[in-house]
Amino acid sequence: MTGPTAEDNGEASSQTAPIPVTLEQYSKMTDDQKANLPLSRRKKLEKQLAVQRKKQAKAAAAASKAQQASKNSGSNSEKKKRKSKAQAEADAAAAFVNVTPPGEKKILSATMAPTYQPRAVEAAWYEWWEKKGFFHASVEQMKGKSPDDAFIMVIPPPNVTGSLHLGHALMCAVEDALTRYNRMRGKVALYLPGVDHAGIATQVVVEKQLKKLRNISRYDLGRDAFVDEVWKWKNEYGGKIVHQMRRIGSSLDWEREEFTMSDRLSNAVKEAFVRFYDDGLIYRDTRLVNWSSALNTAISDIEVENIDIPAFAKRKVPGHEEEVEFGVLTKFAYRVNDTTTELVVATTRLETMLGDTAVAVHPDDKRYQHLIGKYISHPFVDRELPIIADGELVDMSFGTGVVKITPAHDPNDFACGRRHNLPEITIFTKNGDVNENGGEFCGMKRYVARVEVEKALEERGLLRGKEPNAMSLPICSRSGDVVEPMLLPQWWVSCKDLAKRSADAVRSGELEIVPEQFKDVWYRWLDNIRDWCISRQLWWGHRIPAYEAVVPGDPKNRVWVAGRTEKEALDKAMKKLNVEKDCITLTQDEDVLDTWFSSGLFPFSVFGWPDNTEDLEAFYPTTLLETGHDILFFWVARMVMMGLGLTGKLPFKTVMLHSLVRDKKGRKMSKSLGNVIDPLEVIQGVSLMDLEAKIRNSNLPAREIERAIADQRDDYPKGIPECGADALRIGLLAYMTQGGDINLDVGRVIGYRNFCNKLWNATKFALSHLGDSFIFSPAALEEAIRLGETLDLWILSRLNETIAKVNQAFLSYNLGDAVSTAYSFWMNELCAVYLEGLKPIMKGSNETQKSSARAVLFECLSAGIRTLHPMMPFVTEELYQRLPGPTTPDSICIASYPVARKELNFKDAESSMDSVMKNVQAIRALKAEYGLKPSSAPNAVIMASRGDLAAKIIPEYVQTLVPCGPVTVLVSGESEGPHGTAVKVVEDVFEAHIVLKGMVDFESEITKLKAAAAQKRILVEDYDKKMAAEGYETRVPLKVREKNSAAREKYIAECANLDQLADRFCQLLDQSNNS
């Protein structure tokens, strides 16, 4: 029998009829008391309590919000004012009409516009600069001057086919900033423009136009007529780039503009080819080239884009109706003659087995040593394949250790074939079809043949399976075609000796590369250089000045000669063949030269080489070559090699390489992605509708158009506002920190448009205090320095430091530093401090102070504007012309660049203002922390740890730079600190106090803060419950869990901050009650 129960003790009634517990009672119970309640009752009360707490927190937050709204009752009207102001700016921009006659000095309005309008500011200046010849450099200017007195640079000639993109805009901004800087330093500055004929790109464009408009091909026209059509196209459409460069403000010497197909440069190309050929540096040989079947030409490495392909990926290939599968490793067997042995090989290009001429194994591989020297019969063509031993090509630990050798269609196989003297059998036509060497597959397109070869192998029992194989696929950037290695007779430049001289020039320091990290790239390329294929199977370009001379009836008696003219070539052929000219048939090579060949001559051909012209003597070698690091080898190295080989001189002293411009997501800017932005779209602004229309009218595949448009809507939801050339330039230059590639956010450029507006308004404000009759004199500035007003000396010292740093940045090619230094001076020192500090002085009655301030102010404006000019030419010219007094010289373009002076370093003034500004910042921070309006004016007390530190604080400056009441400066230990204040320690030597009593209702603030903290805690608890739920870690996606965790941590931090601020107010309340 069991012991007594609760009922036996008279407690049954308490269990069967529990006493009701109200929500209010439950909220006051301890955890132990709650534990005695039935579980179902506890859950119900917990749920009700959570609802109540949420309602209370929301009510408190709403009350706080309402109270705050009452303080900001004018916010709506402020928004309306801002909207009205924006509309006024738009109306002003739309209403602007340029009344200046073309080429004349700009007619400025009597008063400055209320705000900066780039369209109005940038109008007329460029045409005037150009007409006045500010950009022109002459031989006469160079007479009697050393190379150090000049700055000579040729532009990397952009392709005639297209328009500039933002990468080009960066190039223009960098090069023009350097040119303008050196011009202002008094150097003879020559920035020479030019455009590249862009052989492949231009021919493709014109061919497409002929097909679209006239439904004909170049073959219908013939070579000469087609070239005439290209010239017509160039003359009609090739000027867009020139217009863009002028809009960007590039101070190019347009009198010297060149085109790589001009008569002068074409003669230089012929001369270079003939000299190299006669010196044995150019030769003809049959080797592998990058072949584009779609374009029917060899292409350079830079025109090959290697893209990563996943396994079993299908891709559209020009000339093929069906998509082609890539990313597959196909295995098949070759059977060794007179044995039952088979050798299994694997390939990603199955069709190339039709050109196999051997099978290779490693000489040390015991599995196959007994087979070396035996033969295999090709299953599809009448060809015996030897089994060879090659330790260079074969890795016996990889796959089966057996490799198929196709010398005519693979670079590694080609080298192997040359080592073993194997036949080199080409199996494709130039159109990409299988030729007669492909047996039964002759006439098939190469990727149709791939499928059919696989079927045939399976029928013969030779297919051994397919495996996934992610791979890199070489794509022609011009046509989208898959590049095919092809064995063709071509012209080559022997590069070894020239490459060594070029590498040694950098090693010795004779040639400088900036940034230095690219020296290793330079050495790696040049120390391992391969000969350069310069033949291109095009009609547009410099036709190769090489001729095949044949004696009719004697086909073996033939030679190749090079000549500047056909007569010269014939004379050379007569000597080589030892026959009379009447016995010779002379035929010029149909091919043209690689575009990079003529571009490699650009730094000296533009000055008249090979003739010994005055220009060549005066301007060559040049000073600097600036370009993107992606063409360091393709163009820069070749210029150096050709300069050394043809002139005996380096073409420039320094190579400066800028970063590549990508979009803000880090993607390459590409037409195929639809993310290319025209600089003019940033300068002039463009609507989202127009951006989308550009994509819809492009050649993008239909499936890519919607993706590109979606990306564009994400990047530019409201289009791109008008920013102006100055904002674009300085925005791009700000990225020039000599780091990695630039992920360009156009939003940053918009931010620099606001900087232009700041310059405009600051200058307008300053000019209002200078007055129209003001004339600057150095004596007035010296008097200001003698009087020694701390604010004046401080800004002069900061200006001097800025000038020194910007000069150093330009000289070391750190243009990003030049931007940040100049920007910081204008925004953080001149505008934020000095102009604010001047206001009480200019309102006061002390004329001596005013006179000194005006002299200092003018110096800051004049030097500050000139410091910015290389980076922002238009707005600085406009502001320069508006400075009072005589404008000397006539344009800021030729004004002197500011130079730092030791006597303008005022360290005591800087130390004093540094202490003032740190305390000002502390007072601002305190006002923000305690919820005071920026315009509120609490009394302030600054406690200094020593008397000498206290002497640095000038109370009037503090009151001017941050709204506050009277400022008292005390020394700790000598005076008692104030009570009822908020305090912030400044570098352990000052304490900044603001008196809150009478400014803040402590009890109200405490209530609001606690209510806000309670609401945050509820949010944290909600997340805790959500994250503690069963299956959370396994069922909820990782991204959602990460988002929840981040939100929870955010609310915890906000709650802690609110609690901390509430505690501070409690302390202040106690101090206030006790004082």
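## A walk through a four-stranded sheet

Start by selecting strand 13 and strand 14 (residues 384-389): the two run antiparallel and are joined by three bridges. Keep in mind as you go that this is a predicted model. For a landmark on this pair, pick Tyr-375, which has Pro-386 of strand 14 standing opposite.

Now widen the selection to the whole sheet. Four strands make up an open sheet in the order 13-14-12-15, and the pairing is mixed. Colour strand 13 (375-377) and strand 15 (402-405) next: each has a single partner strand and stands at an edge, so one side of each lacks a neighbour in the sheet. Turn the view to follow the twist, which averages 25 degrees from one strand to the next.

Move on to strand 12. With strand 14 the pairing is parallel, over three bridges, while with strand 15 strand 12 pairs in the antiparallel sense over four bridges. Click on Ala-360 to see both partnerships from one residue: Ile-388 is its bridge partner in strand 14, and Val-403 stands opposite in strand 15.

Show the side chains of strand 12 (residues 358-361) too. Ala-358 and Ala-360 point one way, Val-359 and Val-361 the other, and all are buried. Such alternation between the two faces of the sheet is what side chains do in a regular strand.

For the last stop, leave the sheet and select Val-97, Val-99 and Ile-107, which make a nonpolar surface patch of about 300 Å². Val-97 lies in the loop between helix 5 (75-95) and helix 6 (118-122). Its relative accessibility is 57%, so Val-97 counts as exposed, the cut-off being over 50%.

Technical notes. Residues are numbered from 1 along each chain as its sequence is written. This is a predicted model: local features need pLDDT of at least 70, side-chain atom pairs count only at pLDDT 80 or more; totals for chains, interfaces and linings use all residues. Side-chain values use heavy atoms; hydrogens and water are left out. Two strands pair if DSSP finds at least two bridges between them. Axes are lines fitted to C-alpha atoms, for helices over the stretch in contact, and angles run from 0 to 180 degrees between N-to-C directions. Patches are made of residues with over 30% relative accessible area and no salt bridge: like charges are joined within 9 Å, nonpolar side chains (Val, Leu, Ile, Met, Phe, Trp, Tyr) within 5 Å. Accessible areas come from the Shrake-Rupley method with a 1.4 Å probe; for residues, only the protein chains shown count as cover. A salt bridge is a side-chain nitrogen of Lys or Arg within 4 Å of a carboxyl oxygen of Asp or Glu. Buried means under 20% relative accessible area, exposed over 50%, partly exposed in between (1.4 Å probe, protein chains only).
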